[in-house]
Amino acid sequence: MQPQLSVIVPTFNEVQNIGELYGRISKVLHDIAWEMVVVDDDSSDGTADAALALARAGEPVRVIRRIGRRGLSSAVIEGMLSSAADFFAVIDADLQHDEALLPQMLETLRQGDTDIVIGTRYAGAGSVGDWSAARVRMSRLATVLAQKVTGARISDPMSGFFAIRREPLERTVRHLSGEGYKILLDIFASSPVPLRHAELPYTFRQRLHGESKLDAAVLSQYGLLLFDKTVGRFIPPRLIFFSIVGAIGVFVHYAAFALLFFAGGVSFLVAQTGATITAMTGNYVLNNQLTYRDARRKGWKFVTGLLAFYLVCSIGLLGNVGIASYAFSLEYQWWLAAFAGIVVGTVWNFAASSIFVWKQRRL
Ligand code: GDD
Ligand code: MN
């Protein structure tokens, strides 16, 4: 039967939750034509197999398996795009969201004057359950920032639990950034017209199995998303990350140099070479962890990527020195000449390593 509602479930290592989630949702949606779309990023715990087993048993479950990719937002987008339903709901696999809200979400959308219904932890009877004070503060701060960027009055713009009609999604999908974690925020910030929204309060539950994937890198990606939705039209957000990593690399360089030259007593040439290699290696590791988290190179590919990165940076260095010397010969001030070299070198390193090391098709 053609589903009217698609419930999109992004998963990364949720094998102990997926069956329970399916059972609970099918109970609350028993009289609705629905399907569950699991979008799994190659979990190592067998989440995809568990979901496929449901499908094999004849349950309305589809599985999208992404290999070599990571990202909650992009998973949700691809899940929705794979579906023919009129309505989409997004819910975490870990049972922290209250699936009992789903019928009411669908009913609200069916009435036609709402584009998107959000499960909120902050309005009415909603609550975050027992969170640590630090997590509450962090979440509040992120919420205020989000309200500024979207200009929408949503009490919980970071919610990962919502339902949307097809039409506003179709209007927005090509403008989405797809970066990181905050798909709802992305949708609000990217929609060409303001979205008519409604909110339903619920209590955020504790996770019973598995662990949260929210870590420092995810937080930094949140910064990236906010950036992308504000000044990102003019500067690729990854370039900012890349430049910050580059600036850290300068410190690493000096530290390594000092260690080799002053403590190690080697010659200037050897110390400078050693420091350069250390800084490039450090930059590679950081970019691999943060800037290109979603295309991270692992195992053997980590090593070949490092070699490619050395090569790219060596050419960048030649460009840097070449441009700087040329500008200096044209009698630009020394600091301006040096800056021109740095800009050219950085942009080259960024563009070339994006394409050749982390295989991006788009900067
Ligand atoms: N496909 C895929 N890829 N799924 C992912 C990834 C990924 O890289 N990272 C996380 N997930 C899945 C998890 O398996 C889970 O089903 C869901 O996305 C949420 O991940 P958690 O790691 O449990 O996030 P959280 O509990 O810290 O935060 C969630 O709740 C908040 C409050 O509603 C997220 O939904 C946040 O976006 C939300 O703000
Ligand atoms: Mn969770």
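This is a short talk on a metal site, a ligand site and two backbone details in one structure. Before anything else, the model is predicted.

I will start with the manganese ion, which is ligand 2. Which protein atoms act as its donors? There are two residues to name: Asp94, through OD, and Gln96, through OE1, lying 1.9 Å from the ion. Are these residues buried or exposed? Asp94 has a relative accessibility of 4%, and the cut-off for buried is under 20%, so Asp94 counts as buried. Gln96 has a relative accessible area of 11%, so Gln96 is buried by that cut-off too.

Leu95 deserves a word of its own. Its phi is near 70°, which is a positive value in a residue other than glycine. Where is Leu95? Look in the loop that runs between strand E4, residues 87-90, and helix H4, residues 102-110. Leu95 is buried as well, because its relative accessibility is 5% and the limit is 20%.

Now the other positive phi on my list. Glu331 also has phi near 70°, and Glu331 is not a glycine either. Glu331 sits in the loop between helix H11, residues 300-329, and helix H12, residues 334-356. Is Glu331 buried or exposed? With a relative accessible area of 72%, Glu331 is exposed, because exposed means over 50%. So we have a positive phi at Leu95 in a buried setting, and one at Glu331 in an exposed setting.

On to ligand 1. How many residues lie around ligand 1? The count is 28, and those that come nearest are Glu14, Arg70, Asp94, Met158 and Lys213. Asp94 we have already met as a donor of the manganese ion.

By residue type, the shell around ligand 1 divides into 11 nonpolar, 7 polar and 10 charged residues. As for secondary structure, strand E1, residues 5-11, and helix H3, residues 72-81, each supply at least two residues of that shell.

There are three polar contacts to point out, each to an oxygen atom of ligand 1. For Pro10, the partner is a backbone N or O atom, at 2.9 Å. For Lys182, an N or O atom in the side chain is 3.0 Å away. For Arg207, a polar side-chain atom lies at 2.7 Å. How much of ligand 1 does the protein bury? Taken alone, ligand 1 exposes 740 Å², and the protein buries 98% of that.

That is the end of my part.

How values were computed. Residues numbered from 1 in each chain as written. Chains lettered and ligands numbered in written order. Predicted model: local features only at pLDDT ≥ 70, side-chain atom pairs only at ≥ 80, totals over all residues. Heavy atoms only, no water. Donors = N, O, S within 2.8 Å, 3.2 Å for Na, K, Ca; no water. Buried < 20%, exposed > 50% of the residue type's maximum accessible area, 1.4 Å probe, protein only. Helix = DSSP H or I, 4+ residues; strand = E, 2+ residues; numbered from the N terminus. Near = heavy atom within 4 Å. Polar contact = N/O pair within 3.5 Å; in protein donor to acceptor, adjacent residues only side chain to side chain. Areas by Shrake-Rupley, 256 points an atom, 1.4 Å probe, with all protein chains shown as cover. Nonpolar A, V, L, I, M, F, W, Y, C, P; charged D, E, K, R; others polar.
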